[in-house]
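Good morning, and thank you for coming. I would like to take you through one structure this morning, beginning with a single residue and moving outwards.

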Amino acid sequence: MVGGQGRKRSGTCSFFSRPEEENGVADLVDNTTNQRRPAGWRAMPFVLGNETFERLASFGLMANFMVYLQSEYHMNQVQAATILNSWSGVSNFAPVIGAYVSDAFIGKFWTIVFGSFSSLLGMMIMTLTALLPQLRPPPCAHEEQLHGQCIAYNKAQLGILIVSLCWLSIGTGGIKPCSIPFSVDQFDLTTEEGRKGNNSFYNLYYTTQTIVLLITQTVVVYIQNDISWALGFGIPTLCMLFAIVLFFVGTKIYIYIKPEGSIFAGVAQVFVAAYKKRQLNLPADRVDGQFYDPPLKRSLLPELHLTKQYSCLNKAALVERDEVNVDGFCVNPWRLCSVQQVEDVKCLVNITPIWLTSILGFLAMNQQGTFTVAQALKMNLHFGPSIVIPAGSIGVVTLIAIAIWLPFYDRVLVPALEKITKLEGGITLLQRIGIGNLFSILTMLVSGFIETKRRHSALLHGDLDGVAPMSVMWLTPQLILIGFSEIFSIVGLIEFYNKQFPEHMRSIGNSLIYLTFSLASYASSSVITIVHDVTGRQGSNWLSDDINTSKLDYFYFLIAGISLLNFVFFLFCARRYHYKGSVKTM
């Protein structure tokens, strides 16, 4: 039969499919369908606990890695930065590959497991480099480092270091794209309770990530710098081991969504089938049996009906004679696709423009880890009579702002907005992302005005070393504003991708966040290079080595202008975006 009746729910992963009573989760079984219901928040201590400890491990290992390469491997700044940037680039691209493997072949659970053990292996090797003197160059005094007299690392020592980074990248590729989608799988999105739990999960996820970053940039960095590198690496390694154990504890109550084969092949089939049938005319009114709409294979997922949007693609699901066999399955998937396939492809086409705008939307965030630190170095770092704030730790202000504001937003502001707007979440996902873009523009404007004041202060009243008699706390407004931008933009995009991507492509959607980070970094580097070259040729370099003689405030205003143009393009795309399931059906 071609119609859409008799849709089934898939079972759990066969490796764990024991009798429910034996597993101790009989209360999670739906008696009407004899299928396991998602455990919702009952699964979160294991899933979210695993993610929290995994992030504590990975962030803790890499929080101070630049210093480790320079102090223990005697690398110069360029060598260390090259290795770190190369590793970062590979790690941000790896989730795309991991997402494809997960959604097409082995599923999210096993991808997370493989990634977790890969990360653990990489961390163990990294810890050994700090623990065993044979795996790194001999110690070198500070004076010898300044004069370049240290014994350099050999090929074997560098090779072991790179092997550990490779395993960490593989682990990143397995964990990052699947952790959030696997968590979403544990909520029943067909119920109001499940949807509300899912909405709160995204905010809770980012809150815990912020707290972890706060811990790693303070406690873990202190241990690594002032106590021991071996202990500073060993603690994150133990956290990773505990994360794996915690993840396996919850296996009896997880929902396991089975992979459905090659995702990209299914997308290509829709375009090919629609092209082959381009000469056909679509019927004015839909009649049962005209479009190929077999039973769903996936469980707990809302059915997508055929819509009028991008109607040319609907021809891919139009049934001609002899294209469906007696069992109700299509004979040639490159000529006939299901309604669900067609609607999945429409979701991808809809999302692409929004994703493109997010790349330039992250430009403002990229500046906070580089030029903000350079500003702090030329300001008064004293906080009170005895506390000196490290310039590299000024970003903690952003983390504190996120950690305070995000729970307030989720628990107080969202319920209040829901009463006013009658919308789930208080505002739409694109409105949330748009607000984040506005905060990024405001951040750059405020950063420019503060830099103008700092530079004038340094030139008129500064010390011989160029330090302005101006407290570093003047940077607090721009750091708080960029925190708000992250809350709305990044959390909004994470929720947007996980809700608007086709359900069996959630890992792919989640990996776009990390791909966006990577592309935004490249875009930022390109803008910096162009500005440096162009203004340098004109004799007034905006980004010279001396921040007091440069025009960093002009650069901030330029980023604000680029972000404003990007925001206009975002509004254009957002006004034309149709949320999944909101388009008029045929």
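Let me begin with Lys346, which sits in helix H10, residues 339–361. Please keep in mind that we are looking at a predicted model.

Is Lys346 buried or exposed? Its relative accessible area is 2%, so Lys346 is buried. Which backbone atom lies 2.9 Å from a polar atom of its side chain? That atom is the backbone oxygen of Thr307. Thr307 is also one of the residues that Lys346 touches once residues up to four places away in sequence are set aside; the others are Leu306, Gln309, Tyr310, Leu313 and Asn314.

I turn now to the salt bridges. Across the whole structure, a search finds 11 of them. In general terms, side chains of opposite charge can pair when their charged atoms come close.

One of these salt bridges joins Arg136 to Glu72, with 3.4 Å between the closest N and O atoms. The two partners are 64 residues apart and link distant parts of the chain: Glu72 belongs to helix H3 (residues 65–72), while Arg136 is in the loop between helix H4 (77–131) and helix H5 (142–146). Arg136 has a relative accessibility of 17%, and therefore counts as buried.

A further salt bridge brings together the side chains of Lys108 and Asp185, at 3.1 Å from N to O. Here too, distant parts of the chain are linked, with Lys108 in helix H4 and Asp185 in helix H6 (residues 155–185), 77 residues apart. Both of these residues, Lys108 and Asp185, are buried.

The next pair is Asp553 and Arg455, whose closest N and O atoms are 2.9 Å apart in a salt bridge. Because Asp553 lies in helix H17 (residues 552–575) and Arg455 in helix H14 (residues 429–461), this pair ties together parts that are 98 residues apart in sequence. Asp553 is buried, with a relative accessible area of 2%, and Arg455 is buried as well, at 7% relative accessibility. Elsewhere, Lys277, Glu320, Glu323 and Arg335 are joined into one network by salt bridges that share partners.

Next, two helices with kinks. Helix H7, residues 192–227, has 36 residues and should span 52 Å at 1.5 Å a residue; its end C-alpha atoms are 50 Å apart, which agrees. H7 nevertheless has a kink of about 35°, and the centre of that kink is Thr216.

Helix H15, residues 476–500, has 25 residues. From first C-alpha to last, H15 reaches 35 Å, close to the 36 Å expected. Where is the kink in H15 centred? It is centred on Glu486, with an angle of about 25°. H15 is also mostly covered, with 22 of its 25 residues buried.

That brings me to the nonpolar cores. The largest has 92 residues, and Phe496, Tyr497 and Phe555 are those with the most contacts inside it. Which helix gives the largest share of this core? It is H15, with 11 residues. Tyr497, leaving out residues up to four places away in sequence, touches Ile351, Trp355, Ser358, Gly509, Leu512, Ile513 and Thr516. Apart from the largest core lies another, of 28 residues, including Leu56, Ile83, Met123 and Leu158.

That concludes my presentation, and I would be glad to take questions.

Terms used
Residues are numbered from 1 along each chain as its sequence is written. This is a predicted model: local features need pLDDT of at least 70, side-chain atom pairs count only at pLDDT 80 or more; totals for chains, interfaces and linings use all residues. Side-chain values use heavy atoms; hydrogens and water are left out. Helices (H or I, at least four residues) and strands (E, at least two) are DSSP runs, numbered from the N terminus. Buried means under 20% relative accessible area, exposed over 50%, partly exposed in between (1.4 Å probe, protein chains only). A polar contact is a pair of N or O atoms within 3.5 Å; within protein, one must be able to donate a hydrogen and the other to accept it, and residues adjacent in sequence count only if both atoms are side-chain atoms. Contact means heavy atoms within 4.5 Å. The expected span of a helix is 1.5 Å times one less than its number of residues. The bend at a residue is the angle between axes fitted to the seven residues ending there and the seven starting there. A salt bridge is a side-chain nitrogen of Lys or Arg within 4 Å of a carboxyl oxygen of Asp or Glu. A nonpolar core is a set of buried Ala, Val, Leu, Ile, Met, Phe, Trp, Tyr and Cys residues joined through side-chain atoms within 4.5 Å.
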